[in-house]
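Dear colleague,

I am handing over the structure below, and I would be glad if you could look through it when you have time. My notes on what was found follow directly after it.

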Amino acid sequence: LGNITKEISYADLKALLGKSQNLLLIDVRTKEEVDKGRIPGSIHIPVNTVEEALAMEPEEFKSKYGVTKPPLDTPELVFHCQMGKRGATATSKALEAGYLNACNYAGGYKEWFEKEGK
């Protein structure tokens, strides 16, 4: 696989947020960044803890993050950071952990904020 991570666009993400019940959007930025603003519906798992989070037992994952741990074949697992780089790192880790459909919202929060203004 190398570093080929699947990327999605702002429009793709908006469509998923609008229609998907299964979407798990993971914000991998620092707590300080998240406190300044976030994409609605996202959960926060800092990039340096993604590997550990994805290795957790489902019960532990749910009690820590408040959402059900996605199955490996989950169709919509999206990571994002501020500008794309950490999101790509997190996506690679998820792919290595067996999440076949993991992808990176490459525009990150920076693009989201520019388009949404919030």
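In this predicted model, I26 stands opposite F79 in β4, and the two strands concerned, β2 and β4, pair in the parallel sense over four bridges. β2 also runs parallel to strand β3, which covers residues 43–44, and two bridges join them; in that pairing D27 stands opposite H44. Together with helix α2 (residues 31–36), β2 and β3 make a right-handed β-α-β unit.

Is β2 covered on one face or on both? Both of its faces are covered, since L24 and I26 on one side are buried, as are L25 and D27 on the other.

The packing around I26 may be worth following on screen. If its neighbours within four places in sequence are left aside, I26 is in contact with I43 and I45, and also with L77, V78, F79 and H80. I26 is likewise one of the five residues that touch the most other members of the largest nonpolar core, a set of 20 residues, the others being V28, I45, L77 and F79. At least two residues of this core come from each of β2 (24–27), α3 (50–55), α4 (58–65), β4 (77–80) and α5 (85–96). There is also a second, separate core, made up of twelve residues, and among them are Y10, L13, L23 and V78.

As for the cysteines, a search of the whole structure finds zero disulfides. For C81 the reason is distance, because its sulfur lies 13 Å from the closest cysteine sulfur, that of C103, which is too far for a bond, the cut-off for a disulfide being 2.5 Å between the sulfur atoms. C103, correspondingly, is in no disulfide, the sulfur of C81 being the nearest to its own at 13 Å. Both residues are nevertheless shielded from solvent in the sense used here: C81 is buried, with a relative accessible area of 2%, and C103 is buried too, with a relative accessible area of 5%.

Finally, a word on annotation, which should be read with its origin in mind. The UniProt record, an unreviewed entry, places the feature "domain: Rhodanese" at residues 19–117. Over residues 19–117 the chain is 42% helix and 14% strand, and the C-alpha atoms at the two ends are 22 Å apart.

With best regards

Notes:
Residues numbered from 1 in each chain as written. Predicted model: local features only at pLDDT ≥ 70, side-chain atom pairs only at ≥ 80, totals over all residues. Heavy atoms only, no water. Buried < 20%, exposed > 50% of the residue type's maximum accessible area, 1.4 Å probe, protein only. Core = buried A, V, L, I, M, F, W, Y, C linked by side-chain atoms within 4.5 Å. Contact = heavy atoms within 4.5 Å. UniProt positions renumbered as here; feature names shortened; annotations may be inferred. Pairing = 2+ DSSP bridges. Right-handed = clockwise from strand over helix to strand, strands pointing away.
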